[in-house]
Amino acid sequence: MTKIKKGTSYAYLGLIFLFLYAPILVLIVLSFNNSMSRTVWGGFTLQWYFNLPSNDTIMDALWTTLRITLSSSILATILGTSAAIGINRMKKRHAAIMLGATNIPLLNADIVTGISLMLLFTRFTSLGEFSVVLAHIAFSVPYVIFNVLPRLQSMSDACLEAAMDLGATPWYAFYKVTWPEIFPGVLSGFLMAFTMSLDDFTITYFTKGAGVNTLSTMLYTELRKGIQPELYALSTLLFLLAFLMLIATNFKSINKKEVAR
Amino acid sequence: MEFIQYDHVSKSYGKQLVLDELDLSVKENSFVTLLGPSGCGKTTTLRLLGGFEKPDSGKIYLNGNDITALPANLRPINTVFQKYALFPHMTIEENIAFGLKIQKKSKDYISDKIKYALKLVNLDGFENRSINSLSGGQQQRIAIARAIVNEPKVLLLDEPLGALDLKLRQSMQYELMKIKQELGITFIYVTHDQEEALTMSDTIVVMNQGYIQQIGTPEDIYNEPENAFVADFIGESNIIEGIMIKDELVSFLGVQVPCVDKGFGTMKPVDVVIRPEDVELDAPGKGFMDGVITDCLFKGVHYELDVQCGGYEWLVHTTKYYEVGQHVSLNVIPFNIQIMNKPESEDEEVLKEDD
């Protein structure tokens, strides 16, 4: 009886994983396919990967993406961490209002956020790489806050008071006591902001203006023209990058649990 | 002016007044305990001295200097917190060295100090252990070591033994007294545990609702409580309304009993305090009043009896067993009858009725 139960549950689990990952697996397999066709296997090749660096459209988009993603996630981390520290010091009611406000970009449909940001930017500045960075900061900050705030809340005020009691100035106390405690949260907040910015399409599409392309918007435009196997290779690399980031974040949280024990 | 002086210090949180015009002076090298129920203002009094709170009005002086506006990190005062507040990401050594590193002491000095402090709290050899590997009692000793290496003029202790179990608390009490003797600095100790206060302090300050109720030695506070709140809070007692007929004669529950107190005037309403261990039981007719046992509980060292007598339920401690329903008489020697003035503030009145 238990054997059947176990077998069924494994089969169910397998089925779920199949549906989740089969499409990605197909993409990865096709990226090594030595044929332009999507249905015929023409043998194994790495040529689509080797072709990538010589493709100007792709390389342009890659550098743009890296610039946007890095600058927006770093700035969002700084802003979000400061916001979390501020919210943590607020009175309960004010903190609840602030958290509700930061929640809105998370719950709002991307397309609404994208269009409203576009309207805002066209009024005050021109659309371009800079406006994309601003837009990415806007939707990344909540992720940083939600990673940092629980860390701050689990810290007792007593530790900070103890540091001051022992002669530390407020800044030194923050650097020596608060920072080491919240750092894992800041790091995972940064990684999330990075990932969100890397794979965002909708908001970027509306705020980028002409001539600027990130990897995701470039993929969209190129796919409409026709499918090039280089794009499979690029997508595979993007997937791998996101996958690695995910593992890094999880590894951090697993480590944290072990320390807590 | 005394070593530490609170001068008309008031503090409120929002609308709630926590301290009202508090005046308190503390002698150098004394062990002073602030004792009272939660919410009485004792922790606020301590935090004001530590520099974690600023008074709304009034001044605080240390050694003659006004330190009211001085931030916590510039005061020659260190604190042992209730929940230890050790830095979790540092080793024990790093925790203890925290203050000394800020003072830019030499490496040799710091390592000598750490050794000395760990020895003082009976944890030698623990330098490189992590905080999480320690028990509650050990963590509290590290917190004490971390505070005293800085050679503060005053050590503040905010219910430091509150989270420990009874046995450990008792042994830590003796260790704290030993440490106090070794260091010869002023200790200000906050607790709601009257036994802790009576055991350790030179001076006890009993507080309630933001006011000081009584200041005195443990013996004074226990034997001569000045009002019903102190009598009730420190140990158990029988508090009975009475009338002081003249010097050395008091009337309560319909009988006149000799006592040793003088100077209350004639025919003055008073409160009479009699400790349960001071009541002697005898055969009916032999004491000043007859009664009947209504309850008898074994408490280890003694039996705790309820005796219905003269319309009042007396609490009595004896080492002898009595049957419920047995008839007895009560007797108290004049020296053990404590006379107190009726409470004057409404707060005290309210508190009495609550009980």
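**Note on the predicted two-chain model**

1. Confidence. In chain A the mean pLDDT is 87, and 96% of the residues score at least 70. The model is predicted. Among the elements of chain A, helix α3 (residues 56-89) has the highest mean pLDDT, 93. The lowest, 75, belongs to helix α11 (residues 229-260) of chain A.

2. Interface. Chain A puts 14 residues in contact with 16 residues of chain B. On the chain A side, two elements give two or more residues each: α7 (157-165) and α8 (170-199). Helix α7(A) supplies the largest share, six residues. By character, the chain A side divides into eight nonpolar, three polar and three charged residues.

3. Helix α1 of chain A, length. This helix covers residues 2-31, which makes 30 residues. What span should it have at 1.5 Å a residue, and how far apart are its end C-alpha atoms? The expected span is 44 Å, and the end C-alpha atoms are 42 Å apart, so the two values agree.

4. Helix α1 of chain A, kink. There is a bend in α1(A), a kink of about 45° at A:Y21. The proline A:P23 follows shortly after A:Y21.

5. Helix α1 of chain A, surroundings. Is this helix largely buried or in the open? Two of the 30 residues of α1(A) are buried, so the helix lies largely in the open. Burial here requires 20 or more other C-beta atoms within 10 Å of the residue's own.

6. Chain B, domains. Chain B is divided into domain 1 (4-223) and domain 2 (237-354). The C-alpha centres of these domains of chain B lie 38 Å apart.

How values were computed: Residues numbered from 1 in each chain as written. Chains lettered and ligands numbered in written order. Predicted model: local features only at pLDDT ≥ 70, side-chain atom pairs only at ≥ 80, totals over all residues. Contact = placed C-beta atoms within 7 Å. Helix = DSSP H or I, 4+ residues; strand = E, 2+ residues; numbered from the N terminus. Nonpolar A, V, L, I, M, F, W, Y, C, P; charged D, E, K, R; others polar. pLDDT = per-residue confidence, 0-100. Expected span 1.5 Å × (residues − 1). Bend = angle between axes of the 7 residues up to and from the residue. Buried ≥ 20, exposed ≤ 12 C-beta atoms within 10 Å, placed from the backbone. Domains from an automatic or database assignment.
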